[in-house]
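Colleague: Could you take me through the ligand site in this one, slowly and in one go? I'd like to know what sits around the ligand and what touches it.

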Amino acid sequence: MGVSGVGKSTIGSLLSKELSIPFFDGDDYHPQHNILKMSKGKPLNDNDRLGWLQTLNQLAITELKNKGAVIVCSALKEDYRTILSNTIKNDVKWVYLSGSYELIKNRINDRKGHFMNSDLLQSQFNTLEEPKNAIKVNISLTPNTIVQVIRKQLENTAEFGLFGLGVMGKSLSRNLARKGFKISLFNRHVDGKEVYVAKNFKNEYKELANALPFDAIAPFVNSLQKPRKIMLMVNAGNIVDQVIKDLLPYLEEGDILIDGGNSNYNKTKERFTYLASKQIHFIGAGVSGGEEGALKGPSIMPGGNKKAYKQVQPYLEAIAAKDANNLPCCTHIGTEGSGHFVKMVHNGIEYVEMQLLAEVFFILKAMGNNPDQIATILNDWKKTANSYLLEITIDILRKKDNDDWLVNKIMDKAGNKGTGNWTTIATAELGIPSTMVASALFARYISFFKEDRVAANLHFKPTTPHNLNLTNNELLQAYQFARIINHYQGFRLIDEASTRYNWGLNLSELARIWTNGCIIRSDFMSSLVTTFKSTNNILTSKPIIEQINTLKPSAKKIVAECVLNEIPIPNFSEAINFLIGFATASSSANLLQAQRDYFGAHTYQRIDDNTNKFYHTNWTNN
Ligand code: 6PG
């Protein structure tokens with residue numbers, strides 16, 4: 001396509017020879033009345049063009065059943081191109097021959113017997129709506145070079161695009177390439193800071209030999225086969241919206257964007273709806289496993305339209321970790337923001353698992369163990385309570401830094417990027433008492449007030465040295481107890497969101513995709529795959545009830561001993577308090593209701609009246 005005089009017929013027929021496919025000149029397909037009109041020097045209107053464009057569309061459809069063809073047509077407007085590619089949008093590849101007004105005018109006037117008046121050429125330029133999704137070639141090159149440029153670009157297509165080459169983006173790209181996928185890589189260009197990132201990255205790794213690197217959006221998008229599949233690996237937050245805005249002009253109906261960052265699920269829902277209004281699919285995919293997981297096999301939690309998922313399934317499932325039965329740790333979670341919701345709760349569970357290990361470390365330290373000795377004790381726990389986080393904690397504790405252990409030299413201020421905060425907000429909003437994530441989050445917040453803590457220590461420090469009456473086995477039992485409560489609370493939150501938002505989530509399947517690749521993989525998680533097959537509430541599972549009753553005495557003892565010795569154990573304490581509260585059939589909430597009714601006439605129900613009737617008492621009137 002391109003304006004008159006740009007050389008469409010010449011280039012088109014050369015290209016058809018080069019590709020060994022038939023050539024058709026669109027002008028040969030005008031109906032009689034168009035030819036008559038043009039011969040009288042009258043311009044065609046859109047109505048005249050409609051039937052002709054439809055004919056060319058039919059021609060393309062027919063040729064596609066065979067080897068395809070090169071068809072030339074000025075196709076100056078987007079509307080014309082829409083008609084020309086009707087029903088075959090994904091199979092049409094546009095080639096846009098572009099040149100300056102001056103160059104084209106001179107060329108036409110140089111041709112023997114040709115003359116085009118300047119106004120007519122100018123009107124073509126005025127009509128021209130440059131395509132965003134075309135191979136654009138400048139006609140100042142020689143015809144043979146033009147054909148070679150087109151051929152190269154036609155052949156150089158990729159099936160999957162990676163947008164953003166940070167740590168995770170790079171690892172996922174290498175993972176995809178190692179699985180044999182042809183990928184396109186994009187990283188923005190920032191003067192002096194991010195220069196040729198994609199190109200340099202491609203040159204760094206053998207497996208990326210076939211990858212196509214870009215630092216400009218248009219050629220990146222156009223290098224992708226349709227419908228385009230682009231995974232965004234950019235930081236969560238406003239930058240995701242900015243990237244969507246930058247990509248949108250180049251995307252077409254049916255293209256698929258996957259957000260692989262830790263985005264807030266509410267934002268994902270908004271983006272899903274916004275992009276659906278533009279006929280673009282949006283998949284919010286939680287990706288867990290860190291840099292190594294991304295490279296060797298992460299756990300992936302994609303949420304969005306099921307049909308769209310089907311189209312990216314082969315890629316995501318190929319790069320995902322595999323479970324014990326060699327099934328991918330990736331499954332369609334549900335619609336809209338469900339993938340990111342589930343990843344958010346994954347991180348909430350992760351916060352608690354980490355906090356519990358930090359508390360265990362602190363207790364064992366208070367019992368007189370050095371990091372190496374603690375590592376040895378924890379190594380023994382692998383037999384009954386193994387997990388990825390336990391394993392990495394052992395490695396961390398063994399790491400030396402000159403004369404001391406590295407962990408002793410690390411500032412005790414824990415950061416966070418928001419997912420624990422969102423999980424706490426979600427649990428409060430949904431009215432679910434997932435208390436452990438809140439306490440793990442606030443433990444991080446407390447840690448951050450280092451200076452205040454040092455000051456408070458002067459006023460409130462313990463008066464007596466630690467004297468913990470505990471065994472390692474009791475600590476292990478308390479740890480196992482608290483982990484059960486953590487998993488109960490995390491899955492309970494997911495189950496509630498599933499009901500509330502109609503996501504139809506399958507907890508057993510979720511536990512399954514968390515058995516490998518992700519940060520919270522553990523032997524306990526593997527056992528939950530079976531538990532969730534018969535109940536969504538693990539506190540009703542017979543083996544778990546038995547386990548809790550066996551472990552509970554140790555949980556109580558640890559908390560009591562630590563409180564007496566002023567050792568902070570917010571998560572252990574939360575776990576036992578939660579269970580005690582949850583298992584209290586008649587609680588103190590009767591008094592709360594009475595108080596509410598007293599000052600606010602909020603009413604209450606009576607245990608001796610099962611009609612659900614609400615009562616109000618005038619409390620000050622005797
Ligand atoms: C994962 C991790 C990962 C990341 C978290 C850390 O599943 O691979 O959860 O997503 O490490 O964002 O979160 P914080 O910075 O809040 O601890």
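Modeller: Quick bit of bookkeeping first: helices here are DSSP runs of H or I, at least four residues, numbered from the N terminus. With that in hand, helix α15, residues 338-366, supplies the largest share of the shell around the ligand, namely 5 residues. Keep in mind that this is a predicted model.

The whole shell comes to 14 residues, and the closest are Asn262, Ser288, Glu350, Tyr351 and Lys417. By character, the shell residues split into 8 polar, 4 charged and 2 nonpolar. As for where they come from, domain 2 (157-336) and domain 3 (343-582) each contribute at least three residues to the shell.

Now for the polar contacts. The side chain of Ser288 puts an N or O atom 2.5 Å from an oxygen atom of the ligand. With Glu350 the side chain is again involved: one of its N or O atoms is 2.7 Å from a ligand oxygen. Lys417 does it through the backbone instead, where a polar atom lies 2.7 Å from an oxygen atom of the ligand. On the area side, the ligand taken alone exposes 420 Å², and the protein buries 80% of that.

So, to pull the site together: a shell of 14 residues, drawing at least three from each of domain 2 and domain 3, with helix α15 giving the largest share. If you're setting up the site, Ser288 and Glu350 are the ones to look at for side-chain contacts to ligand oxygen, and Lys417 for the backbone one.

Technical notes. Residues are numbered from 1 along each chain as its sequence is written. This is a predicted model: local features need pLDDT of at least 70, side-chain atom pairs count only at pLDDT 80 or more; totals for chains, interfaces and linings use all residues. Side-chain values use heavy atoms; hydrogens and water are left out. A residue is near a molecule or strand if one of its heavy atoms lies within 4 Å of it. A polar contact is a pair of N or O atoms within 3.5 Å; within protein, one must be able to donate a hydrogen and the other to accept it, and residues adjacent in sequence count only if both atoms are side-chain atoms. Accessible areas come from the Shrake-Rupley method with a 1.4 Å probe; for residues, only the protein chains shown count as cover. Helices (H or I, at least four residues) and strands (E, at least two) are DSSP runs, numbered from the N terminus. Ala, Val, Leu, Ile, Met, Phe, Trp, Tyr, Cys and Pro count as nonpolar, Asp, Glu, Lys and Arg as charged, and the others, Gly among them, as polar. Domain bounds come from an automatic or database domain assignment.
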